Amino acid sequence: MAGAVAMAAVRTQTGRPLRVAVIGGGPGGLYAAALLKRLDPAREITVWERNAPDDTFGFGVVLSDETLGGIEHADPVVHAALKDEFVRWDDIDIVHRGVRHTSGGHGFAALGRRRLLQILHERCRSLGVDLRFWTEAPHPARLLAEYDLVIAADGVHSATRAAYAEVFRPSIEEHRCRYIWLAADFAFDAFRFEIAETEHGVMQLHGYPYSRPFPGSGAQTPAGASTVIVEMREEVWRAAGFAELEPAETIERCAKIFADALQGRPLRSNNSTWTTFRTVVNEHWSHGNLVLLGDAAHTAHFSIGSGTKLAVEDALALVACLEEHVSLRDALVAYEEERRPVVASTQRAARASLEWFENLALYLDQPARQFAFNLLTRSRRVTHDNLRLRDVRFTDAVERDFGCPPGTPPMFTPFRLRDLTLRNRVVVSPMDMYSAAEGVPGDFHLVHLGARALGGAGLVMTEMVCVSAEGRITPGCAGLYTGRQAEAWQRITGFVHAQAPGTAIGVQLGHSGRKGSTKLMWEGMDEPLQEGNWPLVAASPLPYKPGSQTPHELTRDQLVDIRDQFTAAAERAARAGFDLLELHCAHGYLLSGFLSPLTNHRTDAYGGTLAKRLRFPLEVFDAVRAVWPEQKPMTVRISATDWAEGGTTAEEAVEIARAFAARGADAIDVSTGQVVAEERPAFGRSYQTPFADRIRHETGVPVIAVGAISSWDDVNSLILAGRTDLCALARPHLYDPHWTLHAAAEQEYAGPGAPWPAPYRAGSRRPQTGRTDAPKPRLTLGA
């Protein structure tokens, strides 16, 4: 096998592939074949498809204008054929508890999957591509030896990928919902989402037209057709008895459940079966002269309609790269480099969407319009600002329901915690500055926090302020364990209150635990000090990572001492004039170390079950709450997942939040990770928000969302959808201390939620900028 790959690679190293094998006759494989043949008629291209020409999974296919534009540039013949077939519409209907809300301006285009295949079959045949239906492709090893290029487009269950799994290194994840592709013989007027609350649980319908009625009138005129996908959680599917039903009974039951959406019409099947969605990710997409394309390389959930779109775009990019590079190896590397970021972004959006539908039951009690807005923005690709451009009337209605005064973006609405009213929903997230001397904040902290307070945020948080010298992370960490430190903090709170009236300032109290006695961040993050170390303590004697200091397991007496250190620091914080206090129980520091089963291996009353792991953090919270002024709020920051096997689960995070709320926490600041060094976070835009969303809806406690929230559009979207109450941003405020004021200026907002300091009012208008031209389409292969 390896010899065949090597031989073929040598053969094609200095020329473009002339003999091409395509495994799989889906849209991606067929389109790649057609493009390659069109660009070089001398190529010998063979497509193997084990099924019949008209066998297909599903009914309708949705393509974006972006994809169609790429097709138009690459092959006008195919584009013209598709253009004649497309059904186009703009609206999305969301029906929940008998109420329908419609949002317009979305721009969809769809056609039947069989018709798409027919168009591609016709194009391939006209160009001279050898199409072999009802035929299993030869073993990939044989194809690799006989062909210059082998394109594996054999789908989500790719046998080719499996044959070289040690090279491609696939990761395949099954998700929680069952779904089935069906069809109805009439055309929906819009993309329709309908929710059914049954005795067994929540079910949902995703429906869209793919064929319109033919011209004419009378009973003989076909009524068009629509794709209908029925989806529900696995446990709901089983409770409803679908596992035992015959196919005909399944179809009849689905039609009955969604009779209103279907107007009493029946559903039909194409050998449809219930299945679970699989997310496919591969570490590598090529192996010698073999390359993966479409679902063989990656999958994206149908709720964002991107499977066929991605496959067609893969084909466009692959052929373009083959034209641009003489070396096949270089071409395949370029193909993967071009497509991987696009696919990763799509898969992040798809995951957000599928998880939203998996957790649909959380949102059922939302007001109807907010529920609709939440659904529309679930993937983070449609946002508040984007939706306003598409349908301003719908967006305005959602804002009115939310309570936004006229002309006020959601982020500039006030929020109350006890006696503290924040003028807007923006929080400057705690950020360690490592710039204190002996725990005393100095001029740097005054300027750093003062600038961000002047910048318009509703709440400015300090870095983690340590409750003892031994509780510092680094020698540069600030503290509140001496009177001198408290006086220095009072200078800063005084500045904020005097010069940025209306801005609140909060203190975050914490103890480093096993992550202490390390270098300043820019000298080596989490790296032990070379000298001047202090002893560490933690829930259990586990070093943070190899080479880190091993902490001592805390005794009962030491736990009492540390609790008292938190209490003393809280009393100093109150005297220093802070408006809010946050207890740091996240990121693997001392209190977080008690909460996670990965870092708490104790066998006494403070370890084992979640209730026992919670015991010491709750004791500290109770002690601090007892001395913190009653009228002032307290929040708790938690890591809602450790991003590591065996760590804190999302379900446990809900229980942790519920426990703190029951003791008087006014909000939960929901972060994730940094608990163990071997974590594998799923980074991406707003990637931590779903954890805050779940906690908010399951517990009813207000939440602060954090994690790669980088734009004011994100903040507006998250607030208006009800996924969070406040948004904490860190890096954006490092980039721009006046981020909130600039967000107001960019939205042309000048109300009480973001007043400009008098000396800065001349800068409240966005400066003029030069003109920039948009880039031309990337994938233009010529006429």
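Okay, a definition to start: a disulfide here is a pair of cysteine sulfur atoms within 2.5 Å. Keep that cut-off in mind while we look at this one, which is a predicted model.

So, how many disulfides does a search of the whole structure find? Zero. Take Cys466. Its closest cysteine sulfur sits in Cys477, 4.8 Å away, and that's too far for a bond because the cut-off is 2.5 Å. Cys585 isn't in a disulfide either: the nearest cysteine sulfur to it belongs to Cys466, and that one is 14 Å off.

Are these two cysteines buried or exposed? Cys466 comes out at 0% relative accessibility, so it counts as buried. Cys585 is at 1%, and that counts as buried too.

Let's zoom out to the domains. The domain assignment of the protein chain gives us domain 1, residues 19–357, and domain 2, which is written as 414–698 + 727–751. Going by C-alpha atoms, the centres of domain 1 and domain 2 are 45 Å apart.

Last stop, a helix pair. Helix H2 covers residues 27–39 and helix H12 covers residues 307–324. Their axes come within 8 Å and cross at roughly 25°. Angles under 35 degrees count as roughly parallel, so that's what we call H2 and H12. The crossing itself is right-handed. And which residues make the contact? On the H2 side they include Tyr31, Leu35, Leu36 and Leu39, plus Pro27 and Gly28. From H12 you get, among them, Ala311, Val312, Ala315, Leu316 and Val319, and also Glu323.

That's my tour, folks.

Conventions. Residues numbered from 1 in each chain as written. Predicted model: local features only at pLDDT ≥ 70, side-chain atom pairs only at ≥ 80, totals over all residues. Heavy atoms only, no water. Domains from an automatic or database assignment. Buried < 20%, exposed > 50% of the residue type's maximum accessible area, 1.4 Å probe, protein only. Axes fitted to C-alpha atoms, helices over the stretch in contact; angles between N-to-C directions. Helix = DSSP H or I, 4+ residues; strand = E, 2+ residues; numbered from the N terminus. Parallel < 35°, antiparallel > 145°, perpendicular 65-115°, else oblique. Left-handed = near helix turned anticlockwise from the far one by under 90°. Contact = heavy atoms within 4.5 Å.
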